[in-house]
Amino acid sequence: MWPEIIRKSKEGGLDVIETYVFWNYHEPVKGQYYFEGRFDLVRFIKTVQEAGLLVHLRIGPYVCAEWNYGGFPVWLHFIPGIQFRTENDFFKEEMKGFLVKVVGLMKENNLFASQGGPIILAQVENEYGNVEWAYGVSGGSYIRWAAETAVSLNTTVPWVMCAQKDAPDPILNTCNGFYCDQFTPNSPSKPKIWTENYSGWFLSFGYAIPFRPVEDLAFAVARFFETGGTFQNYYMYFGGTNFGRSAGGPLIATSYDYDAPIDEYGFIRQPKWGHLRDLHKAIKQCEQYLISSDPTYQQLGFNLEAHIYYKSSKDCAAFLANYDSSSDANVTFNGNLYFLPAWSVSILPDCKNVIFNTAKVVTQRHLGDAMHAHAANVNELLLAPPAWSWYKEGVGIWGNNSFTKPGLVEQINTTKDTSDYLWYTTSINVEENIMPGQEKEVLLNIDSLGHAALIFVNKELLAFGYGNHDEANFSITKKISLREGNNTLDMLSMMVGLQNYGPWYDVAGAGIFSVILLDPSLSVGDWTYQVGLQGEYLGLYRVNLANSSLWTQGAALPRNESLIWYKATFLAPEGKGPLALNLTSMGKGQAWINGQSIGRYWPAYLSPSSGCTENCDYRGTYDPFKCLKKCGQPAQALYHIPRSWVRPGENLVVLHEELGGDPSKISLLTRTGQEICAFVSEVDPPPADSWKPNLDFMSQSPEVRLTCEQGWHITSINFASFGTPKGNCGNFSPGICHADMSSVAQKICIGQDGCSIPISIADLGDPCPGVIKSFAIEALCSD
């Protein structure tokens with residue numbers, strides 16, 4: 001996917017690609033490095049360079065990134081005497097070793113800018129300033145050591161520390177956040193850099209889906225450059241998928257879509273991608289002015305201001321801003337009147353003509369916001385019986401590598417993150433005589449640090465408990481029935497990603513820490529532990545076991561059963577695009593395609609039923625909880641299958657289901673087309689890239705521009721009207737004034753991968769003189 005994602009990024013107006021370097025994947029075993037396959041860092045950077053883009057290499061090696069353990073390898077945790085991210089010789093030795101390895105690899109391949117390569121910036125540490133307080137005086141000395149170590153590596157490019165106000169010279173301190181226009185570096189000799197502008201927010205199981213309106217995102221970017229910003233990065237422009245068990249915790253979802261301009265599957269998300277592309281074009285039209293002077297501030301009214309960049313006293317570019325969250329305004333600037341919507345910035349590359357306003361979205365839109373939003377453009381393959389086979393996981397201890405201890409153990413120190421699962425098994429002996437057919441009722445209380453657990457009494461499922469992203473710990477209190485003599489208590493504790501953020505997060509515990517029977521006559525015996533599941537140990541997800549006799553097949557497919565493995569095969573769908581596995585009918589577990597893990601799933605964990613708004617007001621300060629959608633639904637139901645993981649002919653899908661679900665309703669989705677639309681008024685500005693100095697810009701016409709994803713072309717025009725059309729994408733209808741433009745659009749657009757239609761009465765006629773008219777269009781892109 002890399003070349004295609006990079007191409008779309010460049011076409012969207014990007015100049016630089018930022019990437020983290022994941023220590024846990026590049027050094028999975030101490031001293032054993034891995035830079036191959038999806039983790040071939042050199043090949044990735046060279047691919048960026050081949051596209052003509054630059055690179056900011058954020059080595060860290062702490063990355064956060066909602067990534068398992070913040071990117072640290074778990075073996076690091078087990079070095080005796082180690083403490084992470086502080087004045088600790090054991091940690092500093094390992095961190096320096098990894099920095100030396102990565103920098104050396106870049107130098108060997110001539111990838112730094114001074115060597116003719118694309119890397120122009122490097123980063124050491126990451127957002128340490130947010131937690132430095134917790135480390136006392138050792139935090140400050142650690143940061144000074146990290147800075148000195150980075151500089152000593154002689155990369156010949158500047159190093160940055162993000163969210164680090166006390167970054168020592170010559171390290172550049174940078175801003176992370178939703179807005180950075182008010183950020184000031186800690187030295188006047190340092191540029192104003194924004195390393196993370198959040199295009200959305202990450203997704204957690206059990207939470208609604210956050211999104212960030214593009215009008216607000218564009219406003220934040222424009223304000224940054226208006227006020228002297230030099231370098232801005234979107235976090236994320238493409239987020240992708242946390243395959244396998246790479247998602248962090250607690251309870252971070254597999255999808256890392258992030259509402260980014262390029263979605264998880266690699267498709268362009270409109271109007272976000274297009275509106276930001278137009279913003280980038282407008283800013284670049286001002287580039288010579290931005291590098292010629294510092295901005296001159298001018299007050300235009302209450303919550304209204306201008307920043308002007310001069311090349312000479314009569315040659316300038318300007319940004320006009322209305323940062324009021326509710327009131328539109330008319331302002332006078334240089335003797336001309338300008339309309340400024342609330343919470344918006346207008347860009348004037350000649351201090352006269354507005355070529356872009358952040359609140360005015362004229363780029364094309366897509367119907368729906370998900371990869372498979374509209375059934376008309378999706379092929380669905382139902383993986384129904386008799387396709388499925390199954391393997392029933394036993395309850396409790398299953399192998400001779402178990403061990404017994406008198407107390408409860410902490411989960412991460414026990415599993416070493418080799419598995420999400422740890423069995424806790426004990427016995428409860430009831431010595432009193434109980435009448436035949438009777439049982440003793442007792443209250444059982446279980447406390448866990450997280451993240452989830454299945455509880456079985458005498459091999460029967462009693463309860464399921466779980467936490468959430470903000471509070472991973474949970475308790476279970478249940479009345480249980482015990483028979484005379486020996487009874488078994490089996491508890492399967494489950495991790496959903498290791499903690500990735502916070503002070504001392506690396507020592508955060510997990511697993512069950514208290515089991516109490518509220519009856520003084522009863523107690524539990526010693527505990528026996530088993531790391532992992534038998535199916536994991538057997539490797540049931542592997543392709544070479546697809547035809548093993550371990551699997552059972554028959555007409556009576558078990559449904560809604562806990563701790564069961566399912567297997568099916570499917571033929572590769574036609575096409576080259578990505579696939580999605582619809583797991584809405586399942587509970588919680590993990591999934592594999594041809595032996596490759598596509599991640600954890602948990603569609604049974606629904607988000608709260610309230611708090612969402614489909615039409616979120618972009619005006620006013622954004623936060624991750626302001627704009628939410630899909631309340632009362634799973635955080636994630638579709639799971640990304642890269643086309644490169646699918647083979648011609650037969651393919652294997654394996655699931656491990658923990659809670660219970662119905663595999664007969666699982667389906668495989670592929671996208672066959674895309675419905676696109678646009679709405680442009682004759683009073684909207686012409687495209688930003690059509691502006692030229694000393695040209696009467698406003699004499700040019702606005703344009704409707706439509707573009708299909710690569711490989712598709714426009715095959716039909718479903719609606720086209722010039723006049724006063726009503727509605728939004730997907731439900732346009734003619735207004736009182738209407739001229740049917742279907743034939744015009746068909747002539748220009750059908751068969752093309754993109755087209756543009758000038759919006760002028762000279763070209764389209766005038767169906768209603770004296771009325772401001774708009775052009776609305778809906779079209780279908782397909783093979």
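Which residues have the most contacts inside the largest nonpolar core? I looked this up first. The model is predicted, and I read every entry below with that in mind.

**Entry: the cores**

I found 58 residues in the largest nonpolar core. Those with the most contacts inside it are Ile45, Leu57, Ile59, Phe72, Leu76, Met106 and Trp159. I then listed the elements that give two or more residues to this core: helices H3 (41–50), H4 (89–108) and H5 (136–152), and strands S2 (54–60), S3 (119–124) and S4 (159–162). Helix H4 gives the most, with 8 residues.

I took Met106 and checked what it touches. Not counting residues up to four places away in sequence, Met106 touches Leu41, Val42, Ile45, Leu57, Leu111, Phe112, Gln115 and Ile119. Apart from the largest core lies another one, of 52 residues. I noted Phe243, Ala253, Leu557 and Trp645 among its members.

**Entry: the whole chain**

I counted secondary structure next. The protein chain has 12 helices and 41 strands. I looked up the extent of the C-alpha trace, which spans about 95 × 60 × 50 Å along its principal axes. The radius of gyration is 29 Å, and a compact globule of 783 residues would have one near 28 Å, so the two agree. Buried residues make up 60% of the 783. Of the contacts between residues at least 6 apart in sequence, 73% join residues at least 24 apart.

**Entry: salt bridges**

I found 36 salt bridges in the structure. I wrote down three of them.

The side chains of Glu709 and Lys8 meet at 2.7 Å, N to O, in a salt bridge. This pair links distant parts of the chain, 701 residues apart. Lys8 is in helix H1 (residues 2–11), while Glu709 is in the loop between strands S37 (703–707) and S38 (713–723). I checked burial, and both Glu709 and Lys8 are buried.

Arg269 and Asp259 form a salt bridge through their side chains at 3.5 Å, N to O. Both residues lie in the loop between strand S8 (231–235) and helix H7 (272–285), so the pair ties together parts that are 10 residues apart in sequence. Arg269 and Asp259 are both buried.

The third pair is Asp278 and Arg277, whose side chains meet in a salt bridge at 3.1 Å, N to O. Asp278 has a relative accessible area of 14% and Arg277 one of 15%, so each counts as buried. I also traced salt bridges that share partners: they join Glu4, Arg7, Lys8, Glu11 and Glu709 into one network.

**Entry: Glu393**

What does the side chain of Glu393 reach at 2.5 Å? I asked after seeing that Glu393 is buried yet has no salt bridge. The nearest side chain of opposite charge, that of Lys392, is 9.1 Å away. The side chain of Glu393 reaches the backbone nitrogen of Gln534 at 2.5 Å and the backbone nitrogen of Gly535 at 3.1 Å. I placed Glu393 in the loop between strands S18 (389–392) and S19 (403–405). Leaving aside neighbours within four places in sequence, its contacts are Leu533, Gln534, Gly535, Leu563, Ile564 and Trp565.

**Entry: Pro503**

I found Pro503 in the loop between strands S25 (485–494) and S26 (512–517). Its relative accessible area is 34%, so Pro503 is partly exposed. Beyond its neighbours within four places in sequence, Pro503 is in contact with Val131, Trp133, Ala134 and Tyr135. I also checked Pro503 against Leu706: they are 203 residues apart in sequence and 48 Å apart in space, C-alpha to C-alpha.

**Entry: backbone geometry**

Most residues other than glycine have a negative phi, and most peptide bonds are trans. I looked for exceptions and noted four.

- The peptide bond from Asp169 to Pro170 is cis, with omega near 5°. Pro170 sits in the loop between S4 and strand S5 (172–177).
- The bond from Gly450 to His451 is also a cis peptide bond, with omega near 10°. I placed His451 in the loop between strands S21 (440–448) and S22 (452–457).
- Tyr69 is not a glycine, yet its phi is positive, about 60°. Tyr69 lies in the loop between S2 and H4, and at 3% relative accessibility it counts as buried.
- Asn110 is not a glycine either, and has a positive phi of about 55°. Asn110 is in the loop between H4 and S3; with a relative accessible area of 43%, Asn110 is partly exposed.

Key
Residues are numbered from 1 along each chain as its sequence is written. This is a predicted model: local features need pLDDT of at least 70, side-chain atom pairs count only at pLDDT 80 or more; totals for chains, interfaces and linings use all residues. Side-chain values use heavy atoms; hydrogens and water are left out. A salt bridge is a side-chain nitrogen of Lys or Arg within 4 Å of a carboxyl oxygen of Asp or Glu. Helices (H or I, at least four residues) and strands (E, at least two) are DSSP runs, numbered from the N terminus. Buried means under 20% relative accessible area, exposed over 50%, partly exposed in between (1.4 Å probe, protein chains only). A nonpolar core is a set of buried Ala, Val, Leu, Ile, Met, Phe, Trp, Tyr and Cys residues joined through side-chain atoms within 4.5 Å. Contact means heavy atoms within 4.5 Å. Lys and Arg count as positive and Asp and Glu as negative; His and the chain ends are not counted. A polar contact is a pair of N or O atoms within 3.5 Å; within protein, one must be able to donate a hydrogen and the other to accept it, and residues adjacent in sequence count only if both atoms are side-chain atoms. The radius of gyration is taken over C-alpha atoms; the globule rule is 2.2 Å times the number of residues to the power 0.38.
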